[in-house]
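Dear colleague,

Please find below the structure that I am handing over to you, with its sequence. My notes on what was found in it follow directly afterwards.

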Amino acid sequence: MANHNGLIIDVDVRSRENNSVHRTKEINPQHLIVRRGQSFSVTLQLSTSLPPKHHLELVLHLGRRDEVVIKLQKERGAGDKWWFHQQGAQDEILLTLHSPADAIIGQYRLAVLVMSPDGRILEKMDKTRFHLLFNPWCKDDVVYLPDESQLQEYVMNEDGTIYMGSWDYIRSIPWNYGQFDDDVMDICFEVLDNSKEALRNSKMDTERRSDPVYVGRMITAMVNSNGDRGVLTGRWTEPYSDGVAPYRWTGSVPILRQWSKAGVRAVKYGQCWVFAGVACTMLRCLGIPTRLITNYSSAHDVDGNLSLDFLLDENLRSIDSRDSSWNFHCWVESWMKRDDLPKGNDGWQVLDPTPQELSDGEFCCGPCPVTAIKEGNLAVKYDAPFVFAEVNADITYWMVQKNGQRKKVKVDQSSVGRNISTKSVFGDHREDVTLHYKYPEGSRKEREVFEKAGQPFPKPTNESTEPGQLQLSIKHAQPVFGTDFDVVVEVRINEGGRDAVAQLTMLATAVTYNSLHRGECERQTTTVTVPAHTVHKEMLRLQYDEYARCASEHHLIRMKAFLEAPGENEPIMTMADIPLSTPELHIQIPGRPVAWEPVTAFISFTNPLPVPLRGGVFTVEGSGLLSAAQIHVKGVISPGQKVSEKLSFSPMRSGVRKLLVDFDSDRLKDVKGVATVIVRKNYRNSFSVLPGFY
């Protein structure tokens, strides 16, 4: 920025000092990045003292074409105005700039003007650039969050945990948000610049970026590529051969970088946790406190009647339905004050970037206040009825008979919206937030919420509870993918009932996590005699050779048991989703890692399957440790064979870091591992390798 021909020689943006105070030094210590509502200083170097009666003016430009121009006041005025003051002597002036707490976020260009006594511009230096972000530490910012431990987790933590599996077998995977990695902030603004709103009216879009509601809504629209230049294309069935399978991603950074480097071309492929992970990265990077949420047994209610209707044929095979129930579904919550809504709607807001339904003509969802969902206030913006159904809908199963008539076989009023989960602020364990979204099932408050939401409260069904009726249940251990295992169906008679003879059908199918059926694994129909006061057990053995043929990458088996008995008014059906566990990777990092010095990680994996694995590949990444890399395994991995690989890298940043590893092959996919790495500061190289980066 040096200029040796005029009065202004240079503008020193003091990035190291400013970024440290503004908690942005992790993003880039060499470029000025500050947060709104908080002052920052720059130093003006002059060739000589400012002449008498001359003065300085500061002007800010922002927008893709500098559409927005802001002239700074020279003294403190209203709270919603930029202003500055100066102090100094002779050839050095310290300029302190004050931004309002509702300033527009984005990249600014600062112009310093030397003005004559009569108001003419004598000299201008306008090459200084800086970025302004939301400020959750500022009490006047609408994203202000008063809890420091939450700020450290929901803004500053680059490593996360995403919960998957099923409501009764919750598993987790590590995720690298990497919001402070190189180029990520620039890519976040590039994503916003390519939204439909920005391309349609750049000036209006820029001015609206002061509002986290607007920014959050744009991010949920742009993380998916439906109808715009978005980041990720969704795909829920194989093949994924022309892209990257969703389960292979371990973090957001490679996705964002690939989108940008490819000329804003959508990256293939994502599913709900990938969409949510990328959205969480972007929102944290821009300064909006955000956490990733998993809702188990999540409803996708297309017609908005708060009920999912699923059709089965007489062989218990599913018939296509517009509604769907997902084993789990991920979205994010962002913290913000909602000035556009009545009181009581501040706090956590649901934002869902997975493309499901249109919202105001775009594939986006939210922000929707979590409190509105719990209280049944479905008139508030945005998409409250859809989110309410995701955690509250009933499920009705109908059997379609040969004559076309439907017969109700099961009503499930309590399965949807279970064990809603997020990573705890206090470590790598799960926090249950279900009661943030809904009152306890069957409670008086739940009834009031349904009535307030304009929905009739569902009456309890009497199925399988009247004396003399049969009861049906499914029991299973926790099976491991690659092994044979048994599922037990228990039939019992309620107290007071008599001996019964019934026909029992047991069906096991392979499904994806969002209930797409992949094929039938095993079926068994038998006549059972159930004496009163006893439990009759039937066993169905599932063999690896059978279920492996149709198993999805989610390793999920859906078991249905269907019972018909003379004298029963309706048939009885029960279901259970059985996740198959996979082995873990083993990662060892010996020694005491130091920033910018080589370290070696040792990765090992043992093939648990009775068949050989081909095309094995490890994907490795870690924020502050290394960029995403792949290690291809040579040859075939025989049953029971242990594979060991080593990877050398030099950590780029100190602190507590996570090394994430994923293994995939032709027969076994989505095997994860994570290791915590404590990287010490390198005082010897901290100033010579990269100033301020240690």
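In this predicted model, five strands form an open sheet with mixed pairing, in the order 2-9-8-4-5. The edges are taken by strand 2 (33-35) and strand 5 (68-71); each has a single partner strand, so one side of each is left without a neighbour in the sheet. From one strand to the next, the twist averages 35 degrees.

At one of these edges, strand 2 runs parallel to strand 9 (residues 121-133), and three bridges join the two. Within this part of the sheet, Arg35 stands opposite Leu133 of strand 9. A helix also packs here: helix 3 (residues 184-193) lies across strand 2, strand 8 (106-115) and strand 9, and its direction is at about 95 degrees to that of strand 9.

One residue of strand 9 deserves separate mention, namely Glu123. Is Glu123 buried or exposed? Its relative accessibility is 15%, so Glu123 counts as buried. A polar atom of the Glu123 side chain lies 2.9 Å from the backbone nitrogen of Ile8. Leu7 and Glu123 are 116 residues apart in sequence, yet their C-alpha atoms are 7.6 Å apart in space.

I turn next to the annotated site. An unreviewed UniProt entry lists Cys272, His329 and Asp352 under "active site". These residues are spread over 81 residues of sequence but cluster in space, with a largest C-alpha distance of 9.7 Å.

His329 belongs to strand 17 (residues 324-336). With a relative accessibility of 0%, His329 counts as buried. Leaving aside residues up to four places away in sequence, His329 touches nine residues by name: Cys272, Ile293, Thr294, Asn295, Ser298, Asp352, Thr354, Gln356 and Glu390.

Asp352 is found in the loop between strand 18 (347-351) and strand 19 (368-369). Asp352 likewise counts as buried, because its relative accessibility is 0%. Beyond four places in sequence, the residues that Asp352 touches include Thr220, His329, Cys364 and Glu390. The side chain of Asp352 is also joined to that of Gln356 by a polar contact of 3.0 Å.

Finally, a word on confidence. The mean pLDDT of the protein is 91, and 95% of its residues reach 70 or more. Where does pLDDT stay under 50? One such stretch is residues 461-468, and another is residues 687-694. For residues 461-468 the model has 23 contacts beyond four places in sequence, and for residues 687-694 it likewise has 23.

Yours sincerely

Conventions
Residues numbered from 1 in each chain as written. Predicted model: local features only at pLDDT ≥ 70, side-chain atom pairs only at ≥ 80, totals over all residues. Heavy atoms only, no water. Pairing = 2+ DSSP bridges. Helix = DSSP H or I, 4+ residues; strand = E, 2+ residues; numbered from the N terminus. Axes fitted to C-alpha atoms, helices over the stretch in contact; angles between N-to-C directions. Contact = heavy atoms within 4.5 Å. Buried < 20%, exposed > 50% of the residue type's maximum accessible area, 1.4 Å probe, protein only. Polar contact = N/O pair within 3.5 Å; in protein donor to acceptor, adjacent residues only side chain to side chain. pLDDT = per-residue confidence, 0-100. UniProt positions renumbered as here; feature names shortened; annotations may be inferred.
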